[in-house]
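This report introduces one protein to a reader who has not met it before. It treats the overall fold, the core, the charged pairs and the aromatic rings in turn.

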Amino acid sequence: MTTRTLLHAAYDRLTAAVGCGTGDRRTAALFSHAAALVRHAHEHGLAPAGERPPGPDGLLKSLESLAGCHPALTPLADPAALPLLEQPLGSAAWAAIKEFWDRHPALEDERRVDGYTLGDAYQLPPR
């Protein structure tokens, strides 16, 4: 059973804060989710070994690396599927994402390895 420790409002606040920097809530949710996905993959040994590069550019490099791990992950490096290059991420927005995922695990129930709670960022209503 998954135990939820964060309310949906926490994800909403994160996306709203990042959205102030990007000007677009969809891009904010994509960056927030991608950062959690990369962190989760590295923490659980699902990503290639090595240190995660810091910052938004490091996030994009990590996504490219993950995309090369399995054919099903190739969309992680496809701008049409994950358009993170359309809107650059500023330092304040990146700091909000990093601080959020430093405090909260991407996976709230250690018996699950599918990142179920990561989808909460996509459940946000458009603004």
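A salt bridge is a side-chain nitrogen of Lys or Arg within 4 Å of a carboxyl oxygen of Asp or Glu. By that criterion, glutamate 99 and arginine 103 form a salt bridge through their side chains, with an N to O distance of 2.7 Å. The model in which this pair is found is a predicted one.

## Overall fold

The protein contains four helices and zero strands. Read from the N terminus, the order of its elements is α-α-α-α. The chain has 127 residues, and 43% of them count as buried. Among contacts in the protein with a separation of 6 or more, 65% join residues that are 24 or more positions apart. The exposed area comes to about 7300 Å², of which carbon and sulfur atoms supply 57%.

## Helix H2 and the nonpolar core

Helix H2 covers residues 25-43, which makes 19 residues. From first C-alpha to last, H2 reaches 27 Å, close to the 27 Å expected at 1.5 Å a residue. Of the 19 residues of H2, 15 are buried, so this helix is largely enclosed by the rest of the structure. After H2 comes glycine 45, which has a positive phi, near 70°.

The largest nonpolar core consists of 28 residues. Those with the most contacts inside this core are Val18, Leu59, Leu63, Leu84, Leu89, Ile97 and Trp101. At least two residues of the core come from each of helix H1 (8-22), H2, helix H3 (55-67) and helix H4 (91-103). H2 gives the most, with eight residues.

Leucine 63 offers a view of the packing around one such residue. When residues up to four places away in sequence are not counted, leucine 63 touches Ala34, Leu37, Val38, Leu76, Leu82 and Leu84.

## Salt bridges

The structure holds four salt bridges. In general terms, side chains of opposite charge can pair when their charged atoms come close. Three of these pairs are set out below.

| Acidic residue | Basic residue | N to O distance |
|---|---|---|
| aspartate 12 | arginine 25 | 2.7 Å |
| aspartate 102 | arginine 39 | 2.7 Å |
| glutamate 99 | arginine 103 | 2.7 Å |

The side chains of aspartate 12 and arginine 25 meet in a salt bridge. This pair links distant parts of the chain, with aspartate 12 in helix H1 and arginine 25 in helix H2, 13 residues apart. Aspartate 12 has a relative accessibility of 19% and counts as buried. Arginine 25, at 16%, counts as buried.

Aspartate 102 and arginine 39 also form a salt bridge. Here, too, distant parts of the chain are linked: aspartate 102 lies in helix H4 and arginine 39 in helix H2, 63 residues apart. Which side of the pair is buried and which is partly exposed? Arginine 39 is buried, at 14% relative accessibility, whereas aspartate 102 is partly exposed, at 44%. A network of salt bridges links Arg39, Lys98 and Asp102.

Glutamate 99 and arginine 103 are both found in helix H4, four residues apart, about one turn of the helix. An α-helix has 3.6 residues a turn, so residues three or four places apart point the same way. Glutamate 99 is partly exposed, with a relative accessible area of 39%. Arginine 103 counts as exposed, at 51% relative accessibility.

## Aromatic rings

A pair of aromatic rings is described by the distance of the centres and the angle of the planes. The count of aromatic pairs in this protein is three. One of them joins tyrosine 11 and tryptophan 101 in a tilted arrangement, 6.4 Å centre to centre and with 45° between the planes. Tyrosine 11 belongs to helix H1 and tryptophan 101 to helix H4, so the pair ties together parts that are 90 residues apart in sequence. Tyrosine 11 and tryptophan 101 are both buried.

How are the rings of phenylalanine 100 and tryptophan 101 placed? Their centres are 4.9 Å apart and their planes stand at 90°, so the pair is edge-to-face. Both phenylalanine 100 and tryptophan 101 are buried. Tyr11, Phe100 and Trp101 together make up one aromatic cluster. Trp101 also appears among the residues with the most contacts inside the largest nonpolar core.

Conventions: Residues numbered from 1 in each chain as written. Predicted model: local features only at pLDDT ≥ 70, side-chain atom pairs only at ≥ 80, totals over all residues. Heavy atoms only, no water. Buried < 20%, exposed > 50% of the residue type's maximum accessible area, 1.4 Å probe, protein only. Contact = heavy atoms within 4.5 Å. Areas by Shrake-Rupley, 256 points an atom, 1.4 Å probe, with all protein chains shown as cover. Expected span 1.5 Å × (residues − 1). Core = buried A, V, L, I, M, F, W, Y, C linked by side-chain atoms within 4.5 Å. Phe/Tyr/Trp six-rings, centres within 6.5 Å; stacked < 30°, edge-to-face > 60°.
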